[in-house]
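Reader: I am in my first year and am learning to read protein models. May I request a close look at a single part of this one, with its surroundings explained step by step?

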Amino acid sequence: MNDLFISLDTLSSPKNEKIRVERAWEHFIFGKDSASKVRPLTYQSWKRSLKHGVHPLEGKAPLVISEEKIQEYQSSSLIYSTLEPLLINLKNSVKASGYLIVFCNENGEIVYLDGDQSLKRKAENINFIAGSSWSEHHAGTNGMGAALATGNPMQVFAGEHFCQQVHNWVCSAAPIKDPATKKVLGAINLTGIWDTVHPHSLTTVISAAQLIEQKLLNHLKFEQFLLMEHYIEVIGKNPNKNFAVLDRGCSVIKASPLYYEKGWLDKNSHVIDLDKEALWKENKYRWEMEKRDGIWTFEVIPYFFQGYRIGAVLHAIPPVKLSKKTGNSTKHSFTSMIGQSDEFISFITEARSVASIDLPVLIEGESGTGKELLAQSIHSSSLRSSEAFVAVNCGAIPKELAASELFGYEEGTFTGGQKGGRSGKFQLAEGGTIFLDEIGEMPLDLQTMLLRILEEGEVVRLGGTRPIKLNVRVIAATNCDLKKACEEGKFRKDLYYRLNILSLQAPPLRERSGDIPVIFEHLLKKICIELGRPPLMINDQALLALERYDWPGNVRELRNFSYKMAVKVKGNMITSADLPKEFTEEKTVSKEENPVERSFSSQQSHGSKNRVPSLKEQELNTILAVLDELNGNVTETAKRLGIHRSTIYKKLARRDSVLRSLK
């Protein structure tokens with residue numbers, strides 16, 4: 001054990017050492033030089049604490065995260081799920097030894113604390129509880145804070161703590177590092193009263209941290225195995241392209257020979273000039289490098305597994321050469337999709353994971369939910385992004401022309417046909433993606449031809465006999481119930497199951513609680529610039545009316561409404577008086593009777609008359625009461641309750657969703 005990290009060995013007297021360190025602390029606080037009287041790590045931490053502006057006489061760490069946030073962290077964090085069994089075992093070991101076992105995240109926020117019950121009560125006096133922050137910039141020198149700041153294990157004894165009211169404690173903490181990124185993920189800590197100090201407590205947490213890091217390393221190896229499988233699949237489908245696959249730490253696991261021939265990798269198997277943060281950007285990241293043979297483009301495409309980014313594929317695109325090939329391109333990516341609700345985030349996460357899997361996708365959803373925008377986003381985030389994206393509206397092509405449009409024709413097939421024949425939409429999409437919108441409108445005879453393309457990977461032009469090999473990804477979309485269409489004989493079952501390998505259900509706007517204000521603000525700002533008019537705002541009451549409206553036309557209807565407001569409203573503020581009748585009618589109806597009381601009475605009529613309202617219901621009652629008191633002023637209501645305006649809109653939207661389900 002390195003003596004730099006422990007406070008005192010087994011031969012030292014804790015009592016005498018406590019007095020000595022306390023004097024050194026007093027010298028430091030009063031501006032006297034005490035660098036030689038304490039360990040270098042302690043002295044450096046004291047200096048950092050002063051720089052952070054921590055007051056040495058403060059005795060309580062700030063409470064910075066709620067119980068809800070702690071539970072969210074515990075349920076979603078890989079390190080915590082790996083660490084939790086060990087924490088429980090350690091808790092059982094330290095209960096009778098006068099210690100607390102603690103784990104804090106990378107920010108120094110305690111997300112787990114248990115152990116000796118009497119000690120827990122004493123710890124509450126200094127806010128040493130779940131949810132408090134013990135980072136150095138909040139609580140000064142302490143075991144966890146110092147371990148996070150330096151990346152080294154640290155035992156802090158008595159007066160070595162920067163804040164005086166913590167001088168009766170001793171803590172031993174060890175950081176846990178991500179084996180991929182080498183970043184500190186958190187710290188495990190043993191805390192007790194100063195006279196229980198022992199070098200073994202630091203040894204215990206170091207051993208625990210090493211055990212967890214080994215488990216994380218095993219998980220990293222599993223991720224690397226998945227990435228290698230993905231690389232083999234990508235290379236198999238694109239043998240003439242140059243790819244590399246990287247793990248979360250930007251280490252190259254496998255790469256095409258070109259990467260080594262061109263000297264694009266350093267001695268640590270890292271890509272030269274790669275922005276390491278690029279792996280964690282929401283979308284693809286590109287940069288260019290000028291070489292002797294021209295400008296190469298490098299494209300990083302994140303790879304997801306079970307909703308988590310575990311690495312990325314790097315595509316090296318050679319210098320652009322003139323080509324006669326034509327094809328459509330995309331205008332949108334996932335950044336074009338606006339929203340912050342839980343429903344939207346969950347949907348986008350699923351869509352991102354689908355993008356990297358080169359299989360057919362079926363997008364179902366009501367009209368106006370942005371199915372083509374989603375299809376373009378999937379293409380833009382796929383390995384086919386540099387190739388064509390061809391969109392076809394199956395319901396808009398005349399039936400007699402549909403086959404030739406989709407599959408092409410040979411010369412002589414039609415009178416007056418193009419000399420040499422003509423390529424269909426599928427051939428134009430070669431190497432890229434074809435988007436078949438309103439697939440439910442496709443005639444049955446064409447469905448048969450489409451099924452052959454999907455199963456055989458080839459197309460035969462009308463009037464021809466020679467099959468032409470295709471490498472095209474199919475994304476289909478519909479606003480009708482294809483299962484029902486299959487039962488009615490209007491859609492082939494075999495085609496439905498061939499398309500429905502990866503499926504996405506685009507949520508209607510009315511189910512995306514809290515997104516309406518965000519989308520409307522985005523659209524309105526963009527439209528005002530487009531029309532060359534001054535910026536336009538909306539007051540709280542009018543915005544609440546938008547939240548309550550059903551939006552049967554979804555985002556398309558909201559966009560059209562935004563145009564209408566930008567043209568109609570002459571001032572700079574949209575009020576309830578500017579809204580169409582259907583918006584104000586719904587608002588008036590909601591005032592006739594308290595919606596919460598109506599929903600409660602409806603539930604009570606089903607045998608729950610004596611039920612005590614839940615916390616959510618009590619919270620909603622409080623919001624409505626304050627809104628009523630402040631005449632519907634959402635901004636003032638949010639200030640009084642100490643919450644954000646969007647939180648109020650979100651909870652009211654959920655309330656209205658419940659009411660609709662009760663009708």
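Author: The following account begins with the whole chain, turns to one sheet and the core around it, and then follows the salt bridges and one strand residue elsewhere.

The model is a predicted one, and its confidence should be considered first. The average pLDDT of the protein is 84, and 87% of the residues score at least 70. Two stretches call for caution. Over residues 321-327 the pLDDT stays under 50, and the model gives this stretch 5 contacts beyond four places in sequence. Residues 586-612 also have a pLDDT below 50, with 29 contacts beyond near neighbours in sequence. Where pLDDT is low, the predicted coordinates should not be read in detail.

As for the general build, the protein contains 24 helices and 19 strands. Of its 663 residues, 49% count as buried. Among the contacts with a separation of 6 or more, 66% are between residues 24 or more positions apart.

The part chosen for a close look is an open sheet of 5 strands. Its strands follow the order 2-1-5-4-3, and the pairing is antiparallel. Strands of a sheet pair through backbone hydrogen bonds, either parallel or antiparallel. Strand 2 and strand 3 are the edge strands, each pairing on one side only. On average, neighbouring strands of this sheet are turned by 15 degrees against each other, direction ignored. Strand 1 and strand 2 are joined in the antiparallel sense over 5 bridges; Val-102, for instance, has Leu-113 in strand 2 as its bridge partner. Helix 3 packs on the sheet, where it touches strand 1, strand 2 and strand 5, and its direction makes about 90 degrees with that of strand 2.

The same strands reappear in the nonpolar interior. The largest nonpolar core has 33 residues, and those with the most contacts inside it are Leu-83, Leu-87, Ile-101, Phe-103, Ile-176 and Ile-188. Two or more residues each are contributed by helix 3 (67-76), helix 4 (78-94), strand 1 (99-105), strand 2 (110-115), strand 3 (154-157), strand 4 (169-177), strand 5 (184-193) and helix 8 (199-237). Ile-101 illustrates how these elements meet. Beyond its neighbours within four places in sequence, Ile-101 contacts Leu-87, Leu-90, Lys-91 and Val-94, and also Tyr-112, Leu-113 and Asp-114, together with Ile-188, Asn-189 and Leu-190. A second, separate core of 32 residues includes Ala-388, Val-390, Ile-439 and Cys-486.

Helix 8, one of the contributors to the largest core, also leads to the charged contacts. A search of the whole structure finds 19 salt bridges. In one of these, the side chains of Asp-358 and Lys-237 meet at 3.9 Å, N to O. This pair links distant parts of the chain, since Lys-237 is in helix 8 and Asp-358 is in the loop between helix 10 (342-355) and strand 11 (361-364), 121 residues apart. Asp-358 is partly exposed, at 23% relative accessibility, and Lys-237 is also partly exposed, with a relative accessible area of 35%.

Asp-358 has a further partner: its side chain meets that of Arg-384 in a salt bridge of 2.9 Å, N to O. Arg-384 lies in the loop between helix 11 (371-380) and strand 12 (389-393), and Asp-358 in the loop between helix 10 and strand 11, so this pair ties together parts that are 26 residues apart in sequence. Arg-384 is buried, because its relative accessible area of 8% falls under the 20% limit.

Another salt bridge joins Arg-422 to Glu-405, with the closest N and O atoms 3.8 Å apart. Arg-422 is in the loop between helix 12 (399-407) and helix 13 (425-428), while Glu-405 is in helix 12, so parts 17 residues apart in sequence are tied together. Arg-422 is partly exposed at 37% relative accessibility, and Glu-405 is partly exposed at 23%. Through shared partners, salt bridges join Glu-233, Lys-237, Asp-358 and Arg-384 into one network.

Finally, Leu-504 belongs to strand 17 (residues 502-505). Leu-504 counts as buried, at 1% relative accessibility. Leu-504 and Phe-347 are 157 residues apart along the chain, yet their C-alpha atoms are separated by 7.9 Å. Not counting residues up to four places away in sequence, Leu-504 touches several residues, including Phe-347, Glu-350, Ala-351, Val-354, Val-361, Leu-362 and Ile-363.

Notes
Residues numbered from 1 in each chain as written. Predicted model: local features only at pLDDT ≥ 70, side-chain atom pairs only at ≥ 80, totals over all residues. Heavy atoms only, no water. Core = buried A, V, L, I, M, F, W, Y, C linked by side-chain atoms within 4.5 Å. Buried < 20%, exposed > 50% of the residue type's maximum accessible area, 1.4 Å probe, protein only. Helix = DSSP H or I, 4+ residues; strand = E, 2+ residues; numbered from the N terminus. Contact = heavy atoms within 4.5 Å. Salt bridge = Lys/Arg side-chain N within 4 Å of Asp/Glu carboxyl O. Pairing = 2+ DSSP bridges. Axes fitted to C-alpha atoms, helices over the stretch in contact; angles between N-to-C directions. pLDDT = per-residue confidence, 0-100.
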